[in-house]
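Thanks for coming, everyone. Let me put the model up and walk you through a few of its parts.

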Amino acid sequence: LGVIITIDGVAASGKSTVASGVARALGVPYVSSGLLYRAVTLCGLEAELPGGDLRVLDCLQAQPPRLQPHAEGNRVQLGERDLTEDLHATRVDEGVSAYAALPQVRAWVDEQLRALPAPFVAEGRDMGTNVFPQAQAKFYLTAHPRVRAERRSAERPEDLDAIEAALVERDTRDAAQSLPAADALVIDTGELTAQEVIDRIVAEVRS
Ligand code: CDP
């Protein structure tokens, strides 16, 4: 009851696949914090604001995007509109770090996340450090950039080198909020299948 498990990690380290699998195994929802940062970014892009412009806060106040956590996959709703399919566009990938660097945006996202009823599995960059430091179990996923680019290439139109370069660039821009918690178990997912990572985490949580 009230249990929170955090899964953080670098870009395309497999966080959402693993979080979804762990959540299903435990029979709880998972919460994708990255989708909220992506939704903020889409709001900024659609309002035609320059990158990382604080006026995005006006959009968030006028019509806040709402995260809907499920074990199978998260969705984001803006009024009647479902934004989910638009949140993984390349322009969102490219614009998100500038919004995620704004303390006011981070505070807004944190507030949405902390309002969600536990139990759940939360995934992102700073779930175990800033947002849910009291979590019962914390994990941090890493993998070589090439491996991550190969995994993501199925979901993006660009070639492998371009995808890898963009991931490394985003890791650099997100570095400030991407430190593993001191009490997180770090897992290199490079040599493991998603199912192996899920099994490892579930075993750890149940032990
Ligand atoms: O799946 P991927 O790692 O590519 O991205 P994501 O988890 O959807 O996160 C998208 C972006 O949101 C990241 O590049 C960060 O800029 C930001 N983010 C963050 O700052 N803090 C979090 N807890 C989660 C995401």
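Start with helix 2, which is mostly covered: eleven of its 14 residues are buried. Keep in mind throughout that this is a predicted model. Which residues of helix 2 are buried? They are S33, L35, L36, Y37, R38, A39, V40, T41, L42, C43 and G44. Notice that R38 is on that list. Buried here means under 20% relative accessible area.

Now the geometry. Helix 2 reaches 20 Å from its first C-alpha to its last, close to the 20 Å expected at 1.5 Å a residue. After helix 2 comes E48, and its phi is positive, near 60°.

Helix 2 also takes us to the pockets. It runs from 33 to 46 and supplies at least two residues of the lining of the largest pocket. How much space lies in that pocket? About 870 Å³. The lining has 43 residues, and the closest to the centre are K15, S16, H88, E123 and R152.

Several other elements each give at least two residues to that lining. On the helix side, they are helix 1 (15-26), helix 4 (90-100), helix 7 (145-152) and helix 9 (194-206). On the strand side, they are strand 2 (30-32) and strand 6 (120-124). By chemistry, the lining of the largest pocket divides into twelve nonpolar, 16 polar and 15 charged residues.

On to the second largest pocket. About 250 Å³ of space lies there. It has 13 lining residues, and D93, E94, I163, A166 and L167 lie nearest its centre. Which helix gives the most to this lining? Helix 8 does, with seven residues. Helix 8 spans 160-173, and helix 4 also supplies at least two residues. So helix 4 is worth a second look, as it supplies at least two residues to the lining of the largest pocket and at least two to that of the second largest. The lining of the second largest pocket splits into eight charged, four nonpolar and one polar.

Last stop, the sheet. Three strands form an open sheet in the order 3-4-5, with antiparallel pairing. Strand 3 (66-68) and strand 5 (81-82) are the edges, each pairing on one side only. What joins strand 3 to strand 4, residues 75-78? Three bridges do, and the two strands run antiparallel. For one position to find on screen, take Q68, which stands opposite R75 in strand 4.

That's my tour. Questions, please.

Notes:
Residues numbered from 1 in each chain as written. Predicted model: local features only at pLDDT ≥ 70, side-chain atom pairs only at ≥ 80, totals over all residues. Heavy atoms only, no water. 1 Å grid on protein atoms, 1.4 Å probe; cavity = no way out; pocket = protein on both sides within 12 Å on 5 of 7 lines; lining within 4 Å. Points joined across faces, edges and corners; volume = space filled by probe spheres on them. Helix = DSSP H or I, 4+ residues; strand = E, 2+ residues; numbered from the N terminus. Nonpolar A, V, L, I, M, F, W, Y, C, P; charged D, E, K, R; others polar. Expected span 1.5 Å × (residues − 1). Buried < 20%, exposed > 50% of the residue type's maximum accessible area, 1.4 Å probe, protein only. Pairing = 2+ DSSP bridges.
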